[in-house]
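User: I'm new to this one and would like to go through a few of its helices and cysteines with you. Could you put it up first?

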Amino acid sequence: MNIKRIKLHLITMPLKSPFNTHLQKVERREGIIIEAVDRDGVTGLGEVVAFSTPWYTEETVKTCYHMLKDVLIPLIESHGLAHPRELGMMFQSVRGNAMAKASLEMAIWDLYARQLDTPLWNLLGGTRRSVLAGAVVGANGTQAMIDQAKGLLEEGYERIKVKISKGEDIEIVRALRAAFPSLALLADANSAYGLQDADHLKELDEFGLEMIEQPLGVDDLVEHSILQGRINTPICLDESIVTPHDMKSAIHLNSCGVVNLKLGRVGGYNPALEIYQLCQDNGIKLWCGGMIEFGVSRAHNICLATLDGFSIPGDISSSSKYWEEDIIDTPIVVEKGSVQRFEKPGIGVGLNEKRMNEVTSFTEEFSL
């Protein structure tokens, strides 16, 4: 692939409004933007979607920077690379660190597609011209959630995800369902419950939720299987599915009916496509999750979500939902509940250099 250099840009931007879960309140988003540049000057883009602290997974922006600089980029330098698929085998010598791996893989898949002068979704086998869009309600208080959901519906979103936790669940969902009787609504628990809460979670069955996402432990499959046998609402697994082997185990145990597939969480396109195929072969529904990302990662999510199996609206919101100005040159826009795929080569967008200069605190370049 003739990669000449890789650049890492550490960036920080304030959110337009705080994003709240029972685990963390996010007001400023830190991240790393990756540029993989070949000898002809063609550039592919990737993004580290880890947070500044390890509340979602054990990875952070700092650990990802270390892994990229000291482990993953040197692996590419020492081995060379002819095709992005080779990264899967190359990275097997490195345990974990899925978000660091995914960010570099994103950039190299994007570069490869641009070298071939074709959209990345085309290389992946995507067919959807538009991607169904959902959004997350994370405001504090029931009325604030209703107001936020109303605004999102007016913007065209067709599915709303609400964050729940113990003591902030049944009444919130009841109020949202009363306010929006036909809304496609799902609840995201971020592992706030234990199996002892099964009877309580069963109370959610009456509200016709599309699913309840990750109600139990992040590393659990067995208890999710038991819980799914006790409730009617489909369980969606997020943090529990990190590898294709996790997906195989979940299928054998009947732990879920839905999977939230995130490129960053599973380590990039190579494992994501394997998980996707397992879900397709076993009747597991899929949607593409989000991480309060910048535009680079969102553009990658659009490419992934063009695959036929992504039939549920994903967390692919407009750039304007979180940012006063995004870092990409073509903002992502949701219209009438969907986002149009980009037709340009690669992920279809470049960097907004002016905005990047404003939000970048540090840049480091590595020659290969």
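User: Which residues of α9 meet which residues of α11?
Analyst: This is a predicted model, and in it P244, M247, K248 and I251 of α9 are in contact with P271, E274, I275, L278 and C279 of α11.

User: What kinds of residues are those, nonpolar, polar or charged?
Analyst: The residues of the contact between α9 and α11 comprise 7 nonpolar and 2 charged ones, with no polar residue among them.

User: And at what angle do the two helices pack?
Analyst: Helix α9, residues 244-253, packs against helix α11, residues 269-281, at an angle of about 15 degrees, and their axes are 9 Å apart. Because angles under 35 degrees count as roughly parallel, α9 is described as roughly parallel to α11. The crossing of α9 and α11 is right-handed.

User: Switching topic, how many disulfides does the structure hold?
Analyst: The structure holds 0 disulfides. C288, for one, is in no disulfide, and the nearest cysteine sulfur, which belongs to C303, is 10 Å away.

User: Why is there no bond for C303?
Analyst: The closest cysteine sulfur to that of C303 is the one in C288, and because the two are 10 Å from each other, they are too far apart for a bond.

User: Is C303 buried or exposed?
Analyst: C303 is buried, with a relative accessible area of 2%, and C288 is buried too, at 1%.

User: What about the rest of α12, where C303 sits?
Analyst: Helix α12 covers residues 295-305, and 11 of its 11 residues are buried, so the helix is largely enclosed by the rest of the structure. The buried residues of α12 include G295, R298, H300 and A305.

Conventions. Residues are numbered from 1 along each chain as its sequence is written. This is a predicted model: local features need pLDDT of at least 70, side-chain atom pairs count only at pLDDT 80 or more; totals for chains, interfaces and linings use all residues. Side-chain values use heavy atoms; hydrogens and water are left out. Buried means under 20% relative accessible area, exposed over 50%, partly exposed in between (1.4 Å probe, protein chains only). Helices (H or I, at least four residues) and strands (E, at least two) are DSSP runs, numbered from the N terminus. Axes are lines fitted to C-alpha atoms, for helices over the stretch in contact, and angles run from 0 to 180 degrees between N-to-C directions. Angles under 35 degrees count as roughly parallel, over 145 as roughly antiparallel, 65 to 115 as roughly perpendicular and the rest as oblique. A crossing is left-handed if the near helix is turned anticlockwise from the far one by less than a right angle, and right-handed if clockwise. Contact means heavy atoms within 4.5 Å. Ala, Val, Leu, Ile, Met, Phe, Trp, Tyr, Cys and Pro count as nonpolar, Asp, Glu, Lys and Arg as charged, and the others, Gly among them, as polar. A disulfide is a pair of cysteine sulfur atoms within 2.5 Å.
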